[in-house]
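Here's a quick tour for anyone opening this structure for the first time. Have a look at the sequence and the model, then read on.

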Amino acid sequence: MKANILVVDDEKNIREGLAEALSLDGHAVRVAADGTEGLKAVEEGAIDLVITDLKMPAMSGTELLKTLAGRYPGLPVIVLTGHGTIEDAVEAMRYGAFDFLTKPVNLDHLSLLAKRALERGELARKNRELEAEVEAQRRRSSIVGSSAEMKRVFDLVRRVAPTRASVLITGESGVGKELIADAIHNLSPRREGPLIKVHCAALAESLLESELFGHEKGAFTGAQGRKRGRFELADKGSLFLDEIGEINQNVQIKILRVLQERKFERVGGEETVETDVRIIAATNRDLKKEIAEGRFREDLYYRLNVVNIHVPPLRERRDDIPLLAMAFLKEFAGEDGKEVEGFDPKARQALYAYSWPGNVRELRNCVESAVVMARGPLITVDDLPPTLRASGESRDIRIPLGSSLEEAERILIRETLAAQGGNKSRTAELLGIGRKTLYQKIEEYGIESGTKSESDRAE
Ligand SMILES: Nc1ncnc2c1ncn2[C@@H]1O[C@H](COP(=O)(O)OP(=O)(O)OP(=O)(O)O)[C@@H](O)[C@H]1O
Ligand SMILES: [Mg+2]
């Protein structure tokens, strides 16, 4: 494999020597005398592998490595250790170096290691491309839903999309909040502009602020250049603030100001930046409760919640289940090139009856695995995950609010056992516990294993 390799070393002889050796292998080689120069070369693009010394003036190899690991994950780095200490090399490996070479460098070893590192880099790149492609495909697919509840949601989306009003999308995890946010942007006059997404919960507090508002060079250790924040990047477009319930008070105040004044300052900066963004926020938390408990600012809540779109859980719109299941089946059967055409009646019934605590996301995963398991053109109950198989035979169980954990466990065991016709192996499997534990609990809770389920009318 012919590649672009960057060699960073402050000793001219060494970098030139390595460069020559690598050129003989057919690679295009660039050289740099320290980390700063090296980083510049990488920023100019098209570098496939970095080989760097550790101890250098200006920016050290370790710093270079850390920076590259953050900004160019997947770019392999081999470190050179000259001044004897294996510790430095080990530390470098911790920061994600692919491997290390000790000086004086054995050129055969260098050539072999470079080859392996390049293969690894190539693999990482292919995986990333594949992931992006899959994600793009998924996002292109439109929202499925024909229940009265979803019609109401679509109607709201259509009415609010053309405006600049902030929208707060609420609903349990996996109901499709992000898809709704996509739809709002795509139906809005801003659709030619960017849709920038921030997963607020995924970022540490300190990072979130600079991620949202950007920072000036030197604002904090590690801030090597000016960085534009998401509010700036989303100018003339939409900003999706996912999991808004997770952000701290300090950032809440700053977001509030942008919403009110449409301007802000970068972290560590004086200059006021103006931005024209439409805010779409989402949360699976009860923000009213967060406000009552002093964790979320009420004024911010009202700014975000100009229009509220609540996406109901799947169990409250069961009419969407067959449609969604069919759409996912087509998607996955197509991907796998498998001739699966539908669900048999019992499987359809099981899908319909299940409570879907993980909502559409869970349904999607379930159909994906069922397509893999299917042996014929129709998916059967046996192809569904165990949790679903049981629900083909029983229904939801009711555990009254105010029950103790023990009481809830007793009801769950009793009902599962009844739904399985007293079969303890299957019950234990469904509950995810061992048979011995099940026997103990049956004894402890005084459950009569022959008892008919209270909610099982049929038997
Ligand atoms: N109505 C729908 N039609 C098609 N696919 C859907 C629908 N609703 C959800 N999905 C799919 O279900 C998965 C979860 O959706 P999404 O990520 O939008 O949920 P979410 O509400 O943002 O969840 P979380 O709160 O966990 O972030 C995605 O794969 C999405 O494509
Ligand atoms: Mg989401």
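## The buried side of α10

In this predicted model, helix α10 tucks away Val251, Lys254, Ile255 and Val258, which are buried. Look down the axis of α10 and its buried residues sit within an arc of 100°, so they line one face of the helix.

What lies over that face? The cover on the buried residues of α10 includes α8 (205–213) and α9 (230–233), along with β11 (263–265) and α12 (298–304).

## The other face, and the helix itself

Flip to the face of α10 turned away from its buried side and you'll meet the exposed residues Gln249, Ile253, Gln260 and Glu261.

As for its dimensions, α10 covers residues 249–261, so to speak 13 residues in a row. From first C-alpha to last, α10 reaches 18 Å, close to the 18 Å expected at 1.5 Å a residue. Just after α10 comes Arg262, with a positive phi of about 60°.

## Around ligand 1

Now over to the ligand. Which residues are closest to ligand 1? Out of the 17 residues that surround ligand 1, the closest are Ser173, Gly176, Lys177, Glu178 and Val360. Two elements, α7 (177–186) and α15 (359–373), give two or more residues each to this shell.

The shell around ligand 1 is a mix by class: six nonpolar residues, six polar and five charged. Both domain 2 (148–310) and domain 3 (315–391) give residues to the shell, so ligand 1 lies between these domains.

Methods:
Residues are numbered from 1 along each chain as its sequence is written. Chains are lettered from A and ligands numbered from 1 in the order in which they are written. This is a predicted model: local features need pLDDT of at least 70, side-chain atom pairs count only at pLDDT 80 or more; totals for chains, interfaces and linings use all residues. A residue is near a molecule or strand if its C-beta atom, placed from the backbone, lies within 6 Å of it. Helices (H or I, at least four residues) and strands (E, at least two) are DSSP runs, numbered from the N terminus. Ala, Val, Leu, Ile, Met, Phe, Trp, Tyr, Cys and Pro count as nonpolar, Asp, Glu, Lys and Arg as charged, and the others, Gly among them, as polar. Domain bounds come from an automatic or database domain assignment. The expected span of a helix is 1.5 Å times one less than its number of residues. A residue is buried if 20 or more other C-beta atoms lie within 10 Å of its own, exposed if 12 or fewer, and partly exposed in between; C-beta atoms are placed from the backbone. The arc is that of the directions from the helix axis to the C-beta atoms. Two residues are in contact if their C-beta atoms, placed from the backbone, lie within 7 Å.
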